[in-house]
Amino acid sequence: GPKGAAALAASFPKLSKLAKLNLSTNELGSDGGVSLSTELSNVFHLNSLNLRETGLGDDGAIALAAALERMTSVTSLQLGNNKIGARGGLALCNVLPRISTLSCLGL
């Protein structure tokens with residue numbers, strides 16, 4: 001849940017070499033998505049991020065979009081089944097074309 005996501009996010013500065021993160025089907029919710037996203041750019045070598053079915057919603061997607069601006073190694077991003085609406089979708093649509101390393105996207 002959101003508290004677990006916040007605790008995990010606090011460890012990200014120490015996980016700078018992490019390459020893959022799969023949190024699919026964990027109910028992070030919008031608050032958990034925001035917590036994760038604020039620290040996610042500290043994981044410099046992350047190339048695969050799976051957040052399918054985590055309940056990100058619009059707020060989590062907007063926070064993730066801001067983090068993705070600073071993440072230069074992401075090649076795979078999975079975000080399906082997250083109840084992302086127009087606001088979150090627009091934020092992602094604005095950033096995704098600028099991620100030159102992205103080769104696999106699941107929505």
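**Exercise 1.** In this predicted model, determine in which sense strand β2 and strand β3 pair, and over how many bridges.

*Solution.* Locate strand β2 at residues 48-50 and strand β3 at residues 76-78. These strands run in the parallel sense and are joined over 3 bridges. Within this pairing, Leu-49 has Leu-77 of β3 as its bridge partner.

**Exercise 2.** Establish the strand order of the sheet and explain why β1 and β4 each have one side without a neighbour.

*Solution.* The open sheet contains 4 strands, arranged β1-β2-β3-β4 with parallel pairing. The edge positions are held by β1 (20-22) and β4 (104-106); each has a single partner strand, so one side of each lacks a neighbour in the sheet. From one strand to the next, the twist averages 5°.

**Exercise 3.** Describe the succession of helices and strands along the protein chain, and assess how compact the chain is.

*Solution.* Begin with the inventory: the protein chain has 4 helices and 4 strands. In sequence order, these follow the pattern α-β-α-β-α-β-α-β. Next, compare the radius of gyration, 12 Å, with the 13 Å that the globule rule gives for 107 residues; the two values are close, so the chain is as compact as a globular protein of that length. Along the principal axes, the C-alpha atoms fill a box of roughly 35 × 30 × 20 Å.

**Exercise 4.** State what percentage of the 107 residues is buried, and how much of the accessible surface belongs to carbon and sulfur atoms.

*Solution.* With buried taken as under 20% relative accessible area, buried residues account for 43% of the 107 residues. The accessible surface is about 5500 Å², and carbon and sulfur atoms contribute 54% of it.

Technical notes. Residues numbered from 1 in each chain as written. Predicted model: local features only at pLDDT ≥ 70, side-chain atom pairs only at ≥ 80, totals over all residues. Heavy atoms only, no water. Pairing = 2+ DSSP bridges. Helix = DSSP H or I, 4+ residues; strand = E, 2+ residues; numbered from the N terminus. Axes fitted to C-alpha atoms, helices over the stretch in contact; angles between N-to-C directions. Rg over C-alpha atoms; globule rule 2.2 N^0.38 Å. Buried < 20%, exposed > 50% of the residue type's maximum accessible area, 1.4 Å probe, protein only. Areas by Shrake-Rupley, 256 points an atom, 1.4 Å probe, with all protein chains shown as cover.
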